[in-house]
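The following exercises, each with a worked solution, concern salt bridges and strand pairing. Please keep the structure in view while working through the steps.

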Amino acid sequence: MYTGIVQAVRPLLDVTRYPGHNQFTVDLGADLLSELKIGASVSVEGTCLSVTEINGTQVRFDAMNATLERTNLRFFKAGQGVNIERSAKMNDEIGGHLMAGHVATTAEIVELSIKETGAFIKFRMPLEWAKYVFPRGFLGVNGCSLTVADVEDAVITINLIPETLRQTTFASYQAGDLINIEVDHQTMVLVDVVERTLKGTLARDKLLP
C-alpha cells in the first residue's frame with residue numbers, strides 16, 4: 001500500500017522492450033534504498049511494480065503488457081523523471097490517502113496551467129471511471145494523492161500547490177499526454193453498491209402487479 005505522497009522524482013535510465021513486457025531501470029538514489037529487497041513493491045508514476053534487480057542505486061522493474069496497456073508506462077523513455085514512492089510501513093503517517101498502485105485507467109490532459117497566481121490540471125476521464133470521481137473527493141494521479149476541485153462532463157479539475165509541482169513530474173506533462181488514474185476504492189465500492197441496489201429495486205417494481 002502507498003500513501004499517495006510522492007517521495008522523489010528519479011531518473012529513468014533505461015527502457016528495454018521484450019516480447020510480453022518492458023524492463024525499466026531507475027536510479028533510486030541512496031536515500032530510497034534502505035531495506036529494499038528483490039520482490040519489494042515500489043510505486044513508479046503511480047503504478048505498483050516489483051523490484052527484479054538491484055545494482056548499486058540502480059533498480060530494475062518489469063511491467064507486463066497488461067500493465068503497459070492500462071498505464072502510461074508504455075510511453076516511458078530513457079532520460080525522463082518518474083514519481084517514486086516506497087511501500088508504506090506500519091505506523092507510517094498517511095499524508096494523502098491509502099492507495100494500492102493499481103491504475104484503473106489513463107486520462108488525457110485537456111489543460112495544464114502553471115502560473116504565479118495558481119496552477120491546475122484538467123483531464124478527461126473515460127465515462128465508465130468518471131462516475132467514481134466527485135468534487136472534494138480523493139484521486140490518485142501519477143501516484144500523487146490529490147483532491148478533486150471540480151467535475152464537469154467527465155473533465156476533472158485539480159488544483160496544484162507549488163510543493164506538489166516541486167515534488168512531482170506534473171510540470172513535465174502537457175495537453176494531450178496521458179496520466180495514470182487510481183480511483184478511491186471506497187468510493188468505487190459505494191457507487192457500485194448503490195447502482196446494484198437501484199437496479200434491483202427497479203427490477204422488483206416492474207414485477208409488481
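**Exercise 1.** Determine which residue forms a salt bridge with Arg60 in this predicted model, and classify the accessibility of Glu53.

*Solution.* The partner of Arg60 is Glu53, and the closest N and O atoms of the two are 2.9 Å apart. Glu53 has a relative accessibility of 35%; since buried means under 20% and exposed over 50%, Glu53 counts as partly exposed.

**Exercise 2.** Locate the two residues of the salt bridge between Glu35 and Lys89 and describe what the pair ties together.

*Solution.* Begin with the contact itself, in which the closest N and O atoms of Glu35 and Lys89 are 3.8 Å apart. Glu35 lies in the loop between β2 and β3, whereas Lys89 lies in the loop between β6 and β7, so the salt bridge ties together parts that are 54 residues apart in sequence. As to accessibility, Glu35 is exposed at 62%, while Lys89, at 48%, is partly exposed. A search of the whole structure finds five salt bridges.

**Exercise 3.** Establish how strand β6 is joined to β1 and β3, and whether its residues are buried or exposed.

*Solution.* Strand β1 (residues 8-18) runs antiparallel to β6 and is joined to it by four bridges; Pro11, for instance, has Gly81 as its bridge partner in β6. Strand β3 (residues 41-44) is also antiparallel to β6, with three bridges between them, and here Val42 is partnered by Arg86. Finally, five of the six residues of β6 (residues 81-86) are buried, so this strand is largely enclosed by the rest of the structure.

Technical notes: Residues are numbered from 1 along each chain as its sequence is written. This is a predicted model: local features need pLDDT of at least 70, side-chain atom pairs count only at pLDDT 80 or more; totals for chains, interfaces and linings use all residues. Side-chain values use heavy atoms; hydrogens and water are left out. Buried means under 20% relative accessible area, exposed over 50%, partly exposed in between (1.4 Å probe, protein chains only). Two strands pair if DSSP finds at least two bridges between them. A salt bridge is a side-chain nitrogen of Lys or Arg within 4 Å of a carboxyl oxygen of Asp or Glu.
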